[in-house]
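Here is a short briefing to read alongside the model. Have the viewer open, and we will go through it topic by topic.

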Amino acid sequence: MRGQSLKGHLDLLLLSVVAGGPKHGYAVMEALRSASGEAFDLPEGTIYPALNRLEREGLLGSDWSVVQGRRRRTYHLTGRGREALAEQRSGWEEFVAAVNRVVGGVPWPATS
Amino acid sequence: MASYQLIDDYLAGLRRRMAWRADVDDVIAEAEDHLRSALELRIAAGEAAGAAQQAVLARFGDPTTVATAFAATGTGGLAVPTRFTKRAGLAAMVAAGLWTAFAVLWLTDELAGLSERIDQSLALLAMASLVGAAALTVVVVVGLNRRHGGLGPMGTIGSVLVGLGVLATVPFWFVMGWGVLLAAGMLLVALAVHARGLAPTAATAAFGAAWTVGVSTWSVLRVLEVGTRDEWGDYPIVSPTAITVGVVILAPGLVGLGRWLSGETPADLDSPEPLAAA
């Protein structure tokens with residue numbers, strides 16, 4: 001799936017992945033890829049600005065540690081992040097349900 | 001820690017493109033951890049080091065894409081050089097010239113004993129220089145705000161005062177009016193800029209101090225009643241002298257800030273939408 005399709009949903013996806021437990025950037029990317037059945041494929045480096053922004057907004061927190069001689073930043077969900085995730089999840093479910101009602105109620109055009 | 005040349009070169013390139021960020025070390029550390037984590041998994045799975053590095057870097061995205069993604073998500077609240085801040089830097093250097101022209105024209109007008117026609121022409125030119133210089137100074141202040149991702153309450157108050165000072169330059173003879181507004185405004189802006197530690201210190205100090213020194217000089221000369229008293233009870237040499245003192249400090253400050261702002265590589269260069277490049 002092209003990265004453009006993720007625009008607008010990336011925050012929800014990242015918060016959902018981090019909600020499963022603290023993760024560093026590479027682990028976030030791997031979790032995103034594996035949970036989506038490798039459907040989400042974007043330049044991996046571009047998730048860091050999004051993580052960075054979510055941290056600035058107070059939805060994620062981060063801690064630094066040293067692993068195998070290199071610095072590692074691990075992200076975790078904050079209280080505000082949990083609230084935002086619940087809100088975004090509910091908004092997404094409403095959106096999907098509304099789209100399904102429209103799409104599901106219309107007969108598919110016949111193909112010949 | 002093993003050295004992998006392609007990864008090292010990539011990180012050096014990314015660092016160059018991200019040098020505008022105060023937290024560039026953290027950004028690079030995070031990218032390095034990502035790349036090496038991915039690389040170790042591939043090498044452990046039996047891939048050759050060269051091919052593994054190329055694959056890891058291809059997945060991470062080219063440095064320009066990554067740097068642009070940071071800029072695209074970060075212009076609200078992040079300290080980012082942009083095409084606007086670059087232009088604000090050029091405006092600062094033009095403003096330095098116009099402030100200098102204003103001081104020279106007014107001082108010449110007062111000292112030279114010119115005919116009335118030339119005197120009026122010089123006064124008009126001086127007024128035009130002042131309005132132009134003041135307007136461009138507002139552009140510089142906006143540029144400084146944007147370059148720092150906002151300057152906080154102190155910088156905002158200072159910016160508003162500078163704006164009011166510029167409006168007050170239209171009746172340009174009211175030197176103490178616009179002088180005090182610009183002095184207070186530019187001092188607050190400079191203090192806010194200095195607190196963020198990105199701009200060159202000497203230029204910031206000159207920018208902040210110029211009109212405070214100019215207004216102080218005006219007050220001292222006025223109290224000492226320097227020069228000849230005119231028919232309105234004024235001392236005509238006081239204002240242009242005080243302005244010249246202010247401009248001698250301000251012009252290098254504007255040039256210094258202008259060189260800094262205009263010399264940076266904008267982070268909002270035209271490039272593919274970061275996420276669209278996937």
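Is A:Glu55 buried, partly exposed or exposed? With a relative accessibility of 23%, A:Glu55 counts as partly exposed, because buried would mean a value under 20%. Please keep in mind that this is a predicted model. The points below start with the two chains, move on to the charged pairs, and end with helix packing and some local features.

**The two chains**

- Chain A has four helices and three strands, and from the N terminus on these elements run α-β-α-α-β-β-α.
- Of the 112 residues in chain A, 43% are buried.
- Chain B, in contrast to that mixed make-up, has 10 helices and zero strands.
- The order of elements in chain B from the N terminus is therefore easy to read, since buried or not, each one is a helix: α-α-α-α-α-α-α-α-α-α.
- Buried residues account for 46% of the 278 residues of chain B.**Salt bridges between the chains**

- Side chains of opposite charge can pair when their charged atoms come close.
- Over all chains, the count comes to 16 salt bridges.
- One of them links A:Glu44 and B:Arg59, whose closest N and O atoms are 2.9 Å apart.
- This pair crosses between chains: A:Glu44 sits in the loop between helix H2 (25–35) and helix H3 (47–56) of chain A, and B:Arg59 sits in helix H3 of chain B.
- A:Glu44 is buried, at 2% relative accessibility, while B:Arg59 is partly exposed, with a relative accessible area of 26%.
- B:Asp33 forms a salt bridge with A:Arg72, and here the closest N and O atoms are 2.8 Å apart.
- Since B:Asp33 lies in helix H2 of chain B and A:Arg72 in strand S3 of chain A, this pair joins two chains.
- Both partners, B:Asp33 and A:Arg72, are buried.
- Through shared partners, salt bridges also join A:Glu30, A:Arg33, A:Glu44 and B:Arg59 into one network.

**A salt bridge within chain A**

- A:Glu55, the residue from the opening question, forms a salt bridge with A:Arg73, with 3.9 Å between the closest N and O atoms.
- A:Glu55 is in helix H3 of chain A and A:Arg73 is in strand S3 of chain A, so the pair ties together parts that are 18 residues apart in sequence.
- A:Arg73 has a relative accessible area of 9% and is buried, whereas A:Glu55 is partly exposed.

**Helix packing in chain B**

- Helix H2 (residues 24–44) and helix H3 (residues 49–60) of chain B pack at an angle of about 135°, and their axes are 9 Å apart.
- That angle makes H2(B) oblique to H3(B).
- The crossing in which H2(B) passes H3(B) is right-handed.
- These two helices also carry charged partners met above: B:Asp33 lies in helix H2 of chain B, and B:Arg59 lies in helix H3 of chain B.
- Further along, helix H8 (residues 175–196) and helix H9 (residues 201–223) of chain B pack at an angle of about 155°, with axes 8 Å apart.
- H8(B) and H9(B) are therefore roughly antiparallel to each other, because angles over 145 degrees count that way.
- H8(B) and H9(B) have a left-handed crossing.

**Local features of chain A**

- Which residue has a positive phi although it is not a glycine? A:Gln68 does, with a phi of about 50°.
- Most residues other than glycine have a negative phi.
- A:Gln68 is placed in the loop between strand S2 (60–67) and strand S3 (70–77) of chain A.
- With 57% relative accessibility, A:Gln68 counts as exposed.
- A:Leu10 is found in helix H1 (residues 10–19) of chain A, and at 6% relative accessibility A:Leu10 is buried.
- A:Leu10 and A:Leu51 are 41 residues apart along the chain, and their C-alpha atoms are separated by 9.7 Å.

**A nonpolar patch on chain A**

- A:Trp92, A:Phe95, A:Val99, A:Val102 and A:Val103 make a nonpolar surface patch of about 440 Å².
- One of these, A:Val103, lies in helix H4 (residues 79–104) of chain A.
- A:Val103 has a relative accessible area of 40% and is partly exposed.

Definitions and conventions
Residues numbered from 1 in each chain as written. Chains lettered and ligands numbered in written order. Predicted model: local features only at pLDDT ≥ 70, side-chain atom pairs only at ≥ 80, totals over all residues. Heavy atoms only, no water. Patch = residues over 30% accessible without salt bridge, like charges linked within 9 Å, V, L, I, M, F, W, Y side chains within 5 Å. Areas by Shrake-Rupley, 256 points an atom, 1.4 Å probe, with all protein chains shown as cover. Salt bridge = Lys/Arg side-chain N within 4 Å of Asp/Glu carboxyl O. Buried < 20%, exposed > 50% of the residue type's maximum accessible area, 1.4 Å probe, protein only. Axes fitted to C-alpha atoms, helices over the stretch in contact; angles between N-to-C directions. Parallel < 35°, antiparallel > 145°, perpendicular 65-115°, else oblique. Left-handed = near helix turned anticlockwise from the far one by under 90°.
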